[in-house]
Amino acid sequence: MSLDLSAAMDRALALAARGAGAASPNPMVGAVLLGPDGETWGEGWHRRVGGPHAEVWAVRDADARGVGDRLAEATMVVTLEPCSHHGRTPPCADLLVERGIGRVVVAQEDPFPAVAGRGLARLREAGVEVAVGVRGAEARRQIEAFRTLVTTGRPLVTLKTAATLDGRVATRTGDSRWVTSPPARALVHRWRAEADAVLVGAGTARADDPALTVRDVALAEGQSQPLRVVLDRTGALRASLRLFTDGAAPTLAVVGPGVEPAYAEALRQKGGAVLAVSESDGHLDLGALLDRLGTGDGLPSPVQSLMVEAGPGLATALLAHDLADRVAWFVAPKVVGEGTPAVGDLGVGRMAGALAFVESRWETVGPDALLVGYRREV
């Protein structure tokens, strides 16, 4: 019987997505074990960093279903090359060989240098039939954050903004609550739960006093709130902001060289930190900040995915310096006329020079429209 490997990989991708936010800084991975007639013998996904990998869960599931002694007949379908090195857990490639699985189908090779084809080589050397590339583009996009950190040393940057139909993020009086609908705002909370860190500029922090915590969706077991990052070049933000006082999640205040904000000690007592980065043309060097976040220097772990809830100034800077890897742009069915534009001058003189996306899609979220656009090929 010919197995429907594409459908099985789609299922594996759906399983992998369940690990969003909890698996980081590891990649999301899903696995499906198929029997010889295409029946599902086992499923699994990487549930949390430090825990068993997707292949382990799939094999355990097969054992629980009573087919663990028949794995030589099985096909393992997995979204990422099985690991071949000892990290927090033993190599999955060794497990598949030990259990006698005769065929392994993977969506993509692992970009992590410690694996990078070695897991596939281990399987082939043991006589396992290996196929690569089923739903490869979808799988690469799914672990884009992991791939970006591994290949560039920087986190994947998602720029989130919300504007009216005429491109305004606030009215002429500065009122911005709310541009979008409750379903759109709930989706943003889900994105926060899937991100390692959430960043805002000083203007947004000053005007909105945001908490930047996940509130409308449940975090996975053992998962922490994302790191909160606020740009405060001169250290002038008021010490009473929730980001500095509520202790709901750690906050990283990013300042210019030699700046020690008045709130620094209170922030550290809440588990936060102050990070000084270089300046460029009177602004914080955002590229240098991304480099620091990617290394994890002074942080619990490297930041793999960064969601930026940007006001116009920060959005303009990210786009102008090509630092946003993808854009999540809500458009609300409202018109306000005079108001604050979502983006400032990008120096585009001709339409041919407009920023464009290599891939994009439109969705509806409640009454709002959402554009998800990708600036990079994967």
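Okay, so start with β17 and β18, the strand at residues 368-374: these two pair in the antiparallel sense, with seven bridges between them. To pick out one bridge, Ser360 has Gly373 in β18 as its partner. And keep in mind that this is a predicted model.

Now zoom out to the sheet. How many strands form it? Nine, and the sheet is open, with mixed pairing. If you want to trace the order, go β11-β10-β9-β8-β14-β6-β15-β18-β17. The edges are β11, residues 273-276, and β17, residues 359-365, and each of those pairs on one side only. On average, neighbouring strands here are turned by 20 degrees against each other, if you ignore direction.

Next, the helices. Helix α6, residues 144-152, lies across β6, β14, β15 and β18, and runs at about 130 degrees to β6. Helix α7, residues 182-194, packs on the sheet too. The strands α7 touches are β6, β8, β14, β15, β17 and β18, and the helix direction makes about 150 degrees with that of β14.

Last stop, Arg233. Where does Arg233 lie? You'll find it in the loop between β9 and α9. Is Arg233 buried or exposed? Partly exposed, because its relative accessibility is 33%, and the range for that label goes from 20% to 50%. Leaving aside neighbours within four places in sequence, Arg233 is in contact with several residues, among them Val254, Val259, Glu279 and His283. Glu279 is 46 residues away in sequence, yet the two C-alpha atoms are 8.6 Å apart. Gly282 is another contact of Arg233: the Gly282 backbone oxygen lies 3.1 Å from a polar atom of the Arg233 side chain.

Key. Residues numbered from 1 in each chain as written. Predicted model: local features only at pLDDT ≥ 70, side-chain atom pairs only at ≥ 80, totals over all residues. Heavy atoms only, no water. Pairing = 2+ DSSP bridges. Helix = DSSP H or I, 4+ residues; strand = E, 2+ residues; numbered from the N terminus. Axes fitted to C-alpha atoms, helices over the stretch in contact; angles between N-to-C directions. Contact = heavy atoms within 4.5 Å. Buried < 20%, exposed > 50% of the residue type's maximum accessible area, 1.4 Å probe, protein only. Polar contact = N/O pair within 3.5 Å; in protein donor to acceptor, adjacent residues only side chain to side chain.
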